[in-house]
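Me: Could you take a close look at the strands of this predicted model, and at what packs around them? I would like the pairing, with residues, and then the burial and the contacts.

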Amino acid sequence: MALPRLIGMVHLGPLPGSPGFDGDLDSVVEAAASDAARIAEAGFDGIMVENFGDAPFFADDAPKVTIASLTTAVNAVYEASRLPIGVNVLRNDGLGALAVAAATPATFIRVNVLSGTMYTDQGPIVGNAAEIARMRTAVCPDVEIMADVFVKHATPPAGLSLTDATNDLVERAAADAVVVSGVGTGSPADMGDLSTVAGISDLPVYLGSGVTAENVKEMLSVASGAIVGTSIKVDNVATNPVDPQAATAFIAAAD
């Protein structure tokens, strides 16, 4: 199954076990379903669900209650939208994302650090492509892996070039698509970086942050697709609900 071209973000509120959880999982799931319905109505091709409200995040092994809660949310998002669904378990739990995908209709996952090492606010995060590739084969072989190169909210090791990191990711990590983002949530990718990665990769290249109605045409002249969150939310705040007018305007600008 081909990855969807334009993917709208469902940023979940705090889930059970996280510091911000208020005890009402039903409300979190209902809000996610509402966002999903608005994303579908606007004309997006797919949806990505992530536990955005769970900060501070575990580096690479989210608690079991997080995985269970995400599974509930993903099922609700699918029922509300009937679109292809992706899963990103923050900060970098690719095995957890595969577990959710195996138990739901999800067809793809995002892994922030699939190969190599990145320095983050959770400390050094080391990719585990070997484990992820083998678990995918075992439990959900048709699920596709979108993998970031020089992921946002992170710093690469000294001396590692974007070119070398991309080559390693594409050639040695069993990814199905490469994601290029800006420095943080809502920050656009550098066009030079995007062009560098697209020139190297024989895999689809996606934008992972900062795509707006104003820049989407330029960005998609190089990239294969985009994951879109902040710019389709009320007041351009990632934790706010999806703004139907902004979401519709984005799709119109992208076509």
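Reply: One sheet is open and has 3 strands in the order β6-β5-β8, with antiparallel pairing. Strands here are DSSP runs of E of at least two residues, helices are runs of H or I of at least four, and both are numbered from the N terminus; two strands pair if DSSP finds at least two bridges between them. β6 (123-126) and β8 (154-155) are the edge strands, and each has a single partner strand, so one side of each is left without a neighbour in the sheet. Strand β5, residues 117-120, is joined to β8 by 2 bridges in the antiparallel sense. Across this pairing, Thr-120 stands opposite Ala-154 in β8.

The model is predicted, so local features are taken at pLDDT of at least 70 and side-chain atom pairs at pLDDT 80 or more, while totals for chains, interfaces and linings use all residues. Residues are numbered from 1 along each chain as its sequence is written, and side-chain values use heavy atoms, without hydrogens or water.

The loop that runs between β6 and α4 (129-139) holds Asn-128. Asn-128 has a relative accessible area of 18% and is therefore buried (buried is under 20%, exposed over 50%, partly exposed in between, with a 1.4 Å probe and protein chains only). Beyond residues up to four places away in sequence, Asn-128 touches Leu-95, Val-113 and Leu-114, where contact means heavy atoms within 4.5 Å. Leu-114 is met again in the largest nonpolar core, as one of the residues that touch the most other members.

Next come the parallel pairings of β7. Strand β4 (residues 108-111) pairs with β7 in the parallel sense, over 4 bridges. Within that pairing, Ile-109 has Ile-145 of β7 as its bridge partner. β7 also pairs with strand β9 (residues 177-180), again in the parallel sense, over 3 bridges. There Asp-148 stands opposite Val-179 in β9.

What of the burial of β7? Strand β7, residues 144-148, is mostly covered, with 5 of its 5 residues buried. The cover extends to both faces. On one side, Glu-144, Met-146 and Asp-148 are buried, and on the other side Ile-145 and Ala-147 are buried as well. Two of these residues have already appeared in the pairings: Ile-145, the bridge partner of Ile-109, and Asp-148, which faces Val-179.

That leaves the cores. A nonpolar core is a set of buried Ala, Val, Leu, Ile, Met, Phe, Trp, Tyr and Cys residues joined through side-chain atoms within 4.5 Å. The largest such core has 64 residues, and the members that touch the most others are Phe-44, Leu-114 and Phe-250. Of these, Phe-250 can be followed outward: with neighbours within four places in sequence left aside, Phe-250 is in contact with Leu-6, Phe-44, Val-211, Thr-212, Ala-213, Val-216, Val-228, Ser-231 and Ile-232. A second core, separate from this one, has 10 residues, among them Ile-7, Met-48, Phe-108 and Ile-227. Phe-108 lies in β4, which spans residues 108-111. In soluble globular proteins, nonpolar side chains tend to be buried together.
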